[in-house]
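The following note sets out points for a colleague who is examining the model. They move from the overall dimensions to the sheets, the cores and one surface position.

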Amino acid sequence: MLQVNVSRKTQEAEGVCSFELCPVAGGLLPAFEAGAHIDVHVPGGLIRQYSLCNDPQDRDRYLIGVLQEPGSRGGSQAMHTDVEQGQTLTIGAPRNLFGLQPGATRHLLFAGGIGITPMLSMAHTLCHQGADFELHYCFRSSDRAAFLQALAAAPFAERIRLHDDSGAQGQKLDIHALLASADAGTHLYVCGPAGFMNHVLTAGDAAGWPQARLHREFFAAPAADPDLDSAFEVVLASSGKTFTIPADRSVFEVLDDAGIYLETSCEQGVCGTCMTGVLEGIPEHRDQFMSADEHARNDRFTPCCSRSKTPRLVLDL
Ligand code: FES
């Protein structure tokens, strides 16, 4: 845990604020790699993950960008309304689940809306490395596009391609053409709303790109229809204890009530913190953290949101 001071809060675009965070005690912050995120303890008791979007060479500050989402469960809303300049926040140390691939000969970065945040730190790092890359930034309209000024002034500005959904047809993202012209050493990174990410990743699949070259960072797993959920049992392999998971509760919630501690963070299936081994049964994966190949192995699942296709799951707990 770290205590940081909100040294600057800036309205970056309609519905998007950035927060510059500096150590309360002065000095340097823990180093981070491009693509990393931090847990922010938001006023009201929620913990939310936000990507670091400044240059990782900055050691005296972190910068995060927060979209005020209409469907917010309270996290982004509280950041916008309850956090002001000069306030102290508690954050976790940076963690990276979305790293750049050192073996890639070329990097294609695709950002949709607020998904620009991890791409900024990635672009800074690739620029320092002298790497070959392009950053494609798609947004609904320029007044909702955060960090446009910073991008225009960035040392990698000539590598940025802007795609305004409300603009002329010719500048819109043609993902199929881009992927078709890429060589086998090119890796793709995508972050943004689920629909945008699925569009890019589906194009990658259709172009025959292996999963190992498709890298993603989701902000939230798509909501499932709770009316379609049903009860199932989980068994803890170490003790044989059996728990019934009702249709309206998660595995994490039931085990937590029983005093069985599982580390969690996002509770939305995006961070992987709660990942738990599965020894028997077939999970119904609801997370966005694992790849399709990892889901198909069915040897791990995320108890914060995933459920079961079989009447019983035996967990490696
Ligand atoms: S707590 Fe983040 S995936 Fe479960």
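1. The radius of gyration used here is taken over C-alpha atoms, and the globule rule sets the expected value at 2.2 Å times the number of residues to the power 0.38. For 317 residues, a compact globule would therefore have a radius of gyration near 20 Å, and the value of 20 Å for the protein agrees with this. The coordinates are those of a predicted model.

2. As to overall dimensions, the C-alpha trace spans about 60 × 50 × 35 Å along its principal axes. The protein contains seven helices and 18 strands. Buried residues account for 38% of the 317 residues. Of the contacts with a separation of 6 or more, 68% are between residues 24 or more positions apart.

3. The domain assignment divides the protein into domain 1 (2–91), domain 2 (106–217) and domain 3 (226–315). The centres of domain 1 and domain 3, taken over C-alpha atoms, are separated by 30 Å.

4. An open sheet is built from five strands in the order E9-E8-E7-E10-E11, and their pairing is parallel. Its edges are strand E9 (160–164) and strand E11 (214–217), each of which pairs on one side only. From one strand to the next, the twist averages 15°. Helix H2 packs on this sheet, where it touches strand E7 (106–112), strand E8 (133–139), E10 and E11. The direction of H2 makes about 155° with that of E7.

5. At one end of the strand order, strand E10 (residues 186–191) is joined to E11 by four bridges in the parallel sense. Within this pairing, Leu188 has Leu214 of E11 as its bridge partner.

6. Which residues have the most contacts inside the largest nonpolar core? They are Leu109, Ala111 and Met119, in a core of 58 residues. Helix H2 (residues 116–129) gives the most to this core, contributing six residues. Leaving aside residues up to four places away in sequence, Ala111 touches Ile116, Met119, Leu135, His136, Tyr137, Cys138, Cys191 and Gly192. A second core, separate from this one, has 13 residues, including Phe232, Cys274, Phe301 and Leu315. As a general background to both cores, nonpolar side chains tend to be buried together in soluble globular proteins.

7. Strand E12 merits inspection for its pairing. Strand E12 (residues 232–236) runs antiparallel to strand E13 (residues 242–245), and four bridges join the two. E12 also pairs with strand E18 (residues 312–315), in this case in the parallel sense and over four bridges. Glu233 takes part in both pairings: Thr244 stands opposite Glu233 in E13, and Arg312 is the bridge partner of Glu233 in E18. The hairpin of E12 and E13 has five residues between its strands, and Gly240 in this hairpin takes a positive phi near 80°.

8. Is Ala180 buried or exposed? A residue is exposed if 12 or fewer other C-beta atoms lie within 10 Å of its own. Ala180 has 11 C-beta neighbours inside 10 Å and therefore counts as exposed. The residue belongs to helix H4 (residues 175–180). Ala180 lies 9.6 Å from Gly208, C-alpha to C-alpha, while the two are 28 residues apart in sequence.

Key:
Residues numbered from 1 in each chain as written. Predicted model: local features only at pLDDT ≥ 70, side-chain atom pairs only at ≥ 80, totals over all residues. Core = buried A, V, L, I, M, F, W, Y, C linked by C-beta atoms within 7 Å. Buried ≥ 20, exposed ≤ 12 C-beta atoms within 10 Å, placed from the backbone. Contact = placed C-beta atoms within 7 Å. Pairing = 2+ DSSP bridges. Axes fitted to C-alpha atoms, helices over the stretch in contact; angles between N-to-C directions. Domains from an automatic or database assignment.
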